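This report describes a single protein chain, moving from its overall organisation to selected strands and residues. The structure is displayed below.

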Amino acid sequence: MKISTSSSLIILAVIAACAKAPPPPPPPDAGAIKAALTAEMNKMPAMMEKRDAAAAATVFTEDATWILPDASTFTGRADIVKGATAFFASMGPATLTAGSMTLDKLVVISDTEALTFSHLTYSIALKGKKPENRVNPIADYWKKGADGTWRIAYEVNADGVAPAATAKTP
């Protein structure tokens, strides 16, 4: 019995269609990503207190964009160092405590990309002004580098005076 070429192709296609597809890859480990990002975020308050612009820039990718509340925008680490230096020079005493940075929401995009929404609470006295309590909501787009370190590729800050607590009515 002879099988035609077209019949052979049909038989092969049926066999291939019936073969089991490999299982999909496991989803990214959101817990591990959250832990890694939280560790990176917790470095920032100390860098701010020390006014260490060079160290602050290392949490960003080489081509990162950093946007301050006044819409000042800095692109690339060298520019971020310049921006951070000027920002730190405008600061008077700042008080940041452990745990002052809070990760509010994590969106895991992949094993190497994530989006976080967080906020930083602190007290600061801008030069020539009285100290005030502040809240800085922050949105960060993170990328994991070839060295395994998560760094910020894009950050937007919306710092402002913390609202005064209001008495709740019964």
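The sections that follow treat the chain as a whole, its nonpolar core, strand 7 and the loop after that strand.

## Overall organisation

The model is predicted. Its chain holds 5 helices and 8 strands. Read from the N terminus, the elements follow the order α-α-α-α-β-β-α-β-β-β-β-β-β.

Of the 170 residues in the chain, 32% count as buried. The exposed surface amounts to about 10600 Å², of which carbon and sulfur atoms supply 63%. When contacts between residues at least 6 apart in sequence are considered, 54% join residues at least 24 apart.

## Nonpolar core

The largest nonpolar core comprises 32 residues. Within this core, the residues with the most contacts are Phe60, Trp66, Ile80, Phe88, Leu120 and Trp142.

Trp66 is in contact with Phe60 and Ile80, and further partners include Phe74, Gly83 and Ala84, neighbours within four places in sequence being left aside. The contacts of Trp66 also include Ser72, Thr73, Glu155 and Asn157.

## Strand 7 and its partners

Strand 7 spans residues 150–157 and is mostly covered, with 6 of its 8 residues buried. Strand 1 (residues 60–67) runs parallel to strand 7, and 4 bridges join the two. Strand 6 (residues 132–144) runs antiparallel to strand 7, with 7 bridges between them.

Val156 of strand 7 takes part in both pairings: Val156 is the bridge partner of Ile67 and also the bridge partner of Ala139. Strands 6 and 7 form a hairpin with 5 residues between the strands, and in this hairpin Gly148 adopts a positive phi near 90°.

## The loop after strand 7

Which loop contains Asp159? Asp159 is located in the loop between strand 7 and strand 8 (160–161). The relative accessible area of Asp159 is 18%; Asp159 is classed as buried because this value lies under the 20% cut-off.

The side chain of Asp159 forms a polar contact of 2.6 Å with the side chain of Tyr122. Apart from residues up to four places away in sequence, Asp159 touches Pro69, Tyr122, Arg134, Val135, Asn136 and Pro137.

How values were computed:
Residues are numbered from 1 along each chain as its sequence is written. This is a predicted model: local features need pLDDT of at least 70, side-chain atom pairs count only at pLDDT 80 or more; totals for chains, interfaces and linings use all residues. Side-chain values use heavy atoms; hydrogens and water are left out. Buried means under 20% relative accessible area, exposed over 50%, partly exposed in between (1.4 Å probe, protein chains only). Helices (H or I, at least four residues) and strands (E, at least two) are DSSP runs, numbered from the N terminus. Two strands pair if DSSP finds at least two bridges between them. A polar contact is a pair of N or O atoms within 3.5 Å; within protein, one must be able to donate a hydrogen and the other to accept it, and residues adjacent in sequence count only if both atoms are side-chain atoms. Contact means heavy atoms within 4.5 Å. A nonpolar core is a set of buried Ala, Val, Leu, Ile, Met, Phe, Trp, Tyr and Cys residues joined through side-chain atoms within 4.5 Å. Accessible areas come from the Shrake-Rupley method with a 1.4 Å probe; for residues, only the protein chains shown count as cover.
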